[in-house]
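Trainee: I've got a new structure open and I'd like to learn how to read it. Can you walk me through it?

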Amino acid sequence: IGAFIMGGIYAPTVVAGVHHMYNAIEMMMLAGEGINTWMPIATAANVAQGAAALAVALKTKNRKTKSMALPASLSAFMGITEPAIFGVNIRFMRAFIAGMIGGACGAAVSSIMNVYATANGVTGLFGFLITTDCFAGYLLTFAVAAVVAFVFSWLMFKEEPQPEMDTAQK
C-alpha cells in the first residue's frame, strides 16, 4: 500500500522540487541492507509520466504540442521527467493524473515482486543496469506503469479547441 501511495504522489514532489530528498533515503537503504527499494518506485512514477506524455503526443493534432510531448516522453523514459511534467502533463492536467495513476500501479507491482536496485541515482531505462537481480520484476514494473498511464491518458485527454484565425492573420 505504501509503494502504491508513493508511486502516485512522487510526481507532485517533483513539481514541488523536493524529490531530491529521496537520495538520502536511498543511501540509508543501501548502507543498511545493501538494497534500494525506492528506485523502482521512482522509476514507475517517471515512466508513467513519460507514457502519459506519449499518449498526448500521439493523440494531439496540435503540431506544437506534439513536437514538445514526444521528446519529453522519451526523456522521462530515461529518468528525467521535468520536461514531460512541466511542458506537457501539467498543462493537460488529466495527463498528469493519468501519470500518477500509472506510477501508483507500477510501484505496487515493484513492491509485490520485491524489486530492488543495488545502487541509487538512475531510473527509467538505465535503471536496468542496477536491477540485474530483479530484471523481470523491473521490466514488469516499467511495463505496468507505462501501459496504465498511457491508456488512462489516451482515454482522458481532450484536445483544446484552437482559436480560429481570421484571414488577415493568415
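Trainee: Which residues in H3 meet which residues in H5?

Mentor: Before we start, keep in mind that this is a predicted model. On the H3 side you'll find Gln49, Ala52, Ala53 and Val56, and they meet Ala84, Ile85, Val88 and Asn89 of H5. Sorted by class, the residues of this contact are six nonpolar, two polar and no charged.

Trainee: How do I describe the way two helices pack?

Mentor: The general idea is that you give the angle between the two axes and the distance between them. Take H3, residues 38–59, and H5, residues 82–89: their axes come within 9 Å and cross at roughly 40°. That angle makes H3 oblique to H5. You can also give the handedness, and H3 passes H5 in a left-handed crossing.

Trainee: Which residues of H5 are buried?

Mentor: Those are Ala84, Ile85, Gly87, Val88 and Asn89. There's a handy rule behind patterns in helices: an α-helix has 3.6 residues a turn, so residues three or four places apart point the same way. As for partners, the buried residues of H5 pack against H1, H3, H6 and helix H4, which spans 63–77.

Trainee: Let me try another pair. At what angle do the axes of H3 and H6 cross?

Mentor: Roughly 145°, and the axes come within 7 Å. The crossing of H3 past H6 is right-handed. From H3, the contact uses Pro40, Ile41, Ala44, Ala45, Ala48, Gln49, Ala52 and Val56, while H6 brings residues including Phe96, Met100, Gly103 and Ala107. The class count for H3 with H6 is 11 nonpolar, six polar and no charged residues.

Trainee: And how far apart are the axes of H1 and H6?

Mentor: They are 6 Å apart, with the helices packed at an angle of about 140°. H1 and H6 are therefore oblique to each other. H1 passes H6 in a right-handed crossing. Among the H1 residues that meet H6 are Gly7, Gly8, Ala11 and Pro12. By class, this contact has 11 nonpolar, four polar and no charged residues.

Trainee: Can we zoom in on one residue there? Which residues does Phe4 touch?

Mentor: Phe4 sits in helix H1, residues 2–16. Leaving out residues up to four places away in sequence, Phe4 touches Ala104, Cys105 and Ala108. Here's a nice lesson about folding sequence into space: Phe4 and Ala108 are 104 residues apart in sequence, yet their C-alpha atoms are 4.7 Å apart. Phe4 is partly exposed, with a relative accessible area of 42%.

Trainee: Is Thr43 buried or exposed?

Mentor: Buried: its relative accessible area is 0%. Thr43 belongs to helix H3. Beyond neighbours within four places in sequence, Thr43 is in contact with Thr123, Gly124, Tyr138 and Phe142. Ala57 is another residue of H3, and it is buried with a relative accessible area of 3%. With the same kind of neighbours set aside, Ala57 is in contact with Lys66, Ala69 and Leu70.

Trainee: Now the rings. How many aromatic pairs does the structure hold?

Mentor: It holds 10. To read a pair, look at the distance between ring centres and the angle between ring planes. For Phe92 and Phe157 the centres are 5.2 Å apart and the planes are at 75°, so this pair is edge-to-face. Phe92 is in the loop between H5 and helix H6 (93–112) and Phe157 is in the segment after helix H7 (135–156), so the pair ties together parts 65 residues apart in sequence. Both Phe92 and Phe157 are buried.

Trainee: Which residues do ring pairs link into a cluster?

Mentor: Phe77, Phe128, Phe135, Tyr138 and Phe142. You've met two of those names already, since Tyr138 and Phe142 are among the contacts of Thr43.

Trainee: One last thing, about the backbone. Which residue has a positive phi although it is not a glycine?

Mentor: That's Asn114, with a phi of about 55°. Asn114 lies in the loop between H6 and H7. Asn114 is exposed, with a relative accessible area of 57%.

Definitions and conventions: Residues numbered from 1 in each chain as written. Predicted model: local features only at pLDDT ≥ 70, side-chain atom pairs only at ≥ 80, totals over all residues. Heavy atoms only, no water. Axes fitted to C-alpha atoms, helices over the stretch in contact; angles between N-to-C directions. Helix = DSSP H or I, 4+ residues; strand = E, 2+ residues; numbered from the N terminus. Parallel < 35°, antiparallel > 145°, perpendicular 65-115°, else oblique. Left-handed = near helix turned anticlockwise from the far one by under 90°. Contact = heavy atoms within 4.5 Å. Nonpolar A, V, L, I, M, F, W, Y, C, P; charged D, E, K, R; others polar. Phe/Tyr/Trp six-rings, centres within 6.5 Å; stacked < 30°, edge-to-face > 60°. Buried < 20%, exposed > 50% of the residue type's maximum accessible area, 1.4 Å probe, protein only.
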